[in-house]
Amino acid sequence: MTTQLNPVDYAQSIQYQLAGIVNPVPVYALFNRNFANQEKFLTWQLRDVHQPVYTGQTQNNKGIDTPIFQVSVFAQDMSDSFNLSNDILQSLHGYSGMFGNPSTSGFWVSKIDAYWLYNSYDNELGLHQVFMDCTLYVPA
Amino acid sequence: MALINKVLPGYVATLWCQTGATPTPLTPTQLETWGDVDAIVGVSAGGLGGGGIQVPVEAVPSFGADDAFAAYSIAGQRTGAKITTQNQVTSLTVTAPWNPADTAQLLIREDGYSGTIIRTYVVAVYDGTNTVAYAFNARIGGMQWDMAPDAEGKFIFTIHPVGSNEYGWSNS
């Protein structure tokens with residue numbers, strides 16, 4: 001029998017955790033071109049909030065939630081984008097423990113699987129980019 | 001009440017079992033009598049509840065009877081002959097998302113280590129109004145806990161029906 005955590009808690013915890021890792025680099029929940037004139041920054045998006053459902057009429061007969069948040073790292077300097085991404089990898093990949101602010105919406109994750117997808121460059125914005133997926137395994 | 005008359009998705013099926021460490025399983029007559037089976041099936045599946053508990057399984061596996069026959073080759077005939085023989089009741093290998101404190105899973109764990117406890121199980125199929133029930137008496141064997149790291153932990157066990165005539169179909 002499993003419960004579903006509120007995605008708002010996920011969002012607040014992702015923001016809290018990422019901001020703590022890359023401080024003082026700004027972290028935003030969604031991309032906005034107005035931010036693109038900053039030297040380096042992060043955005044993130046949450047997706048795949050999903051618990052597998054099992055048979056029967058009992059709503060909480062489900063598996064664990066495995067939400068994924070994508071992190072997009074932007075930097076005018078390529079090495080900055082790689083180093084910020086490395087900071088996230090080193091901090092989150094394989095992490096097990098409290099995720100987010102423990103005194104508010106933080107929750108316990110059994111494991112985080114961080115996956116560097118690819119790096120890129122946007123000639124129009126003049127920004128190097130690195131995209132990463134982080135899967136949370138959440139017992140609840 | 002009417003027998004369900006529609007094709008149903010697999011999600012309508014649930015598995016229930018008697019409570020108590022040393023249950024008294026239903027008799028063959030009771031197993032095919034909804035008025036006896038309904039106490040094991042919970043209200044959420046159209047039963048009365050009170051005498052049973054839901055086993056939280058991922059999916060209700062195939063149940064029924066195994067195939068069994070004798071084959072003969074007869075000289076002079078173009079094909080051989082098959083004669084059905086007494087077949088065995090199918091064992092149900094069940095996967096449950098493991099919750100160490102789940103009451104039903106704890107009961108089944110005790111049954112598995114005992115090896116002798118016979119308990120009545122019911123597969124209930126519920127369409128929101130009516131229920132079809134397949135009730136049978138069984139023991140538990142083959143318990144395993146699978147903690148593969150990319151999903152929830154699984155409690156896997158096999159329900160071995162005692163066979164003979166200790167099963168029955170009924171409906172609300």
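Helix α3 of chain B covers residues 103–114 in this predicted model. Its twelve residues, at 1.5 Å each, should span 16 Å. The end C-alpha atoms of the helix are 17 Å apart, which agrees.

Which residues of α3(B) are buried? They are Gln105(B), Leu107(B), Ile108(B) and Asp111(B). Seen down the axis of α3(B), the buried residues fall within an arc of 155°, so they line one face of the helix. An α-helix has 3.6 residues a turn, so residues three or four places apart point the same way. The face turned away from the buried side of α3(B) carries Tyr113(B) and Ser114(B), both exposed.

Several strands of chain B help cover the buried residues of α3(B), including β1 (13–18), β2 (52–55) and β5 (92–97). The cover also includes β6 (119–126), β7 (131–146) and β8 (154–161). After α3(B) comes Gly115(B), with a positive phi near 80°.

**Chain B as a whole**

Chain B has three helices and nine strands. From the N terminus, its elements run β-α-α-β-β-β-β-α-β-β-β-β. The C-alpha trace of chain B spans about 65 × 45 × 30 Å along its principal axes. Chain B holds 172 residues, and 34% of them count as buried. Among contacts in chain B with a separation of 6 or more, 69% join residues 24 or more positions apart. Mean pLDDT for chain B is 93, and 99% of its residues reach 70 or more.

**The cores**

The largest nonpolar core has 36 residues. Within this core, Trp16(B), Val122(B), Ala133(B) and Ala135(B) touch the most other members. At least two residues each come from β1, α2 (34–37), β5, α3, β6, β7 and β8 of chain B. The largest share, seven residues, comes from β7(B).

What does Trp16(B) contact, leaving aside its neighbours within four places in sequence? Its partners include Ile40(B), Val41(B) and Gly42(B). Gly52(B), Ile53(B), Gln54(B) and Val55(B) are also in contact with Trp16(B). So are Tyr121(B), Val122(B) and Ala124(B). Apart from the largest core lies another, of 23 residues, among them Leu42(A), Val71(A), Cys134(A) and Leu136(A).

**Where the chains meet**

Eleven residues from chain A and 19 residues from chain B make the contact. On the chain A side, three residues are nonpolar, seven polar and one charged. For the complex, the predictor gives an ipTM of 0.87 and a pTM of 0.88.

**Backbone exceptions**

Most residues other than glycine have a negative phi, and most peptide bonds are trans. A cis peptide bond joins Asn23(A) and Pro24(A), with omega about 10°. Pro24(A) sits in the loop between α1 (7–22) and β1 (27–28) of chain A. Two residues other than glycine with positive phi are tabulated here.

| Residue | Phi | Loop | C-beta neighbours within 10 Å |
|---|---|---|---|
| Asp48(A) | near 55° | between β2 (40–47) and β3 (68–75) of chain A | 13 |
| Ser164(B) | about 55° | between β8 and β9 (167–171) of chain B | 9 |

Are these residues buried or exposed? Asp48(A) counts as partly exposed because it has 13 C-beta neighbours inside 10 Å. Ser164(B) is exposed, with 9 other C-beta atoms within 10 Å. The cut-off behind this reasoning is 12 or fewer for an exposed residue.

Technical notes: Residues are numbered from 1 along each chain as its sequence is written. Chains are lettered from A and ligands numbered from 1 in the order in which they are written. This is a predicted model: local features need pLDDT of at least 70, side-chain atom pairs count only at pLDDT 80 or more; totals for chains, interfaces and linings use all residues. Helices (H or I, at least four residues) and strands (E, at least two) are DSSP runs, numbered from the N terminus. The expected span of a helix is 1.5 Å times one less than its number of residues. A residue is buried if 20 or more other C-beta atoms lie within 10 Å of its own, exposed if 12 or fewer, and partly exposed in between; C-beta atoms are placed from the backbone. The arc is that of the directions from the helix axis to the C-beta atoms. Two residues are in contact if their C-beta atoms, placed from the backbone, lie within 7 Å. A nonpolar core is a set of buried Ala, Val, Leu, Ile, Met, Phe, Trp, Tyr and Cys residues joined through C-beta atoms within 7 Å. Ala, Val, Leu, Ile, Met, Phe, Trp, Tyr, Cys and Pro count as nonpolar, Asp, Glu, Lys and Arg as charged, and the others, Gly among them, as polar. pLDDT is the predictor's confidence in each residue, from 0 to 100.
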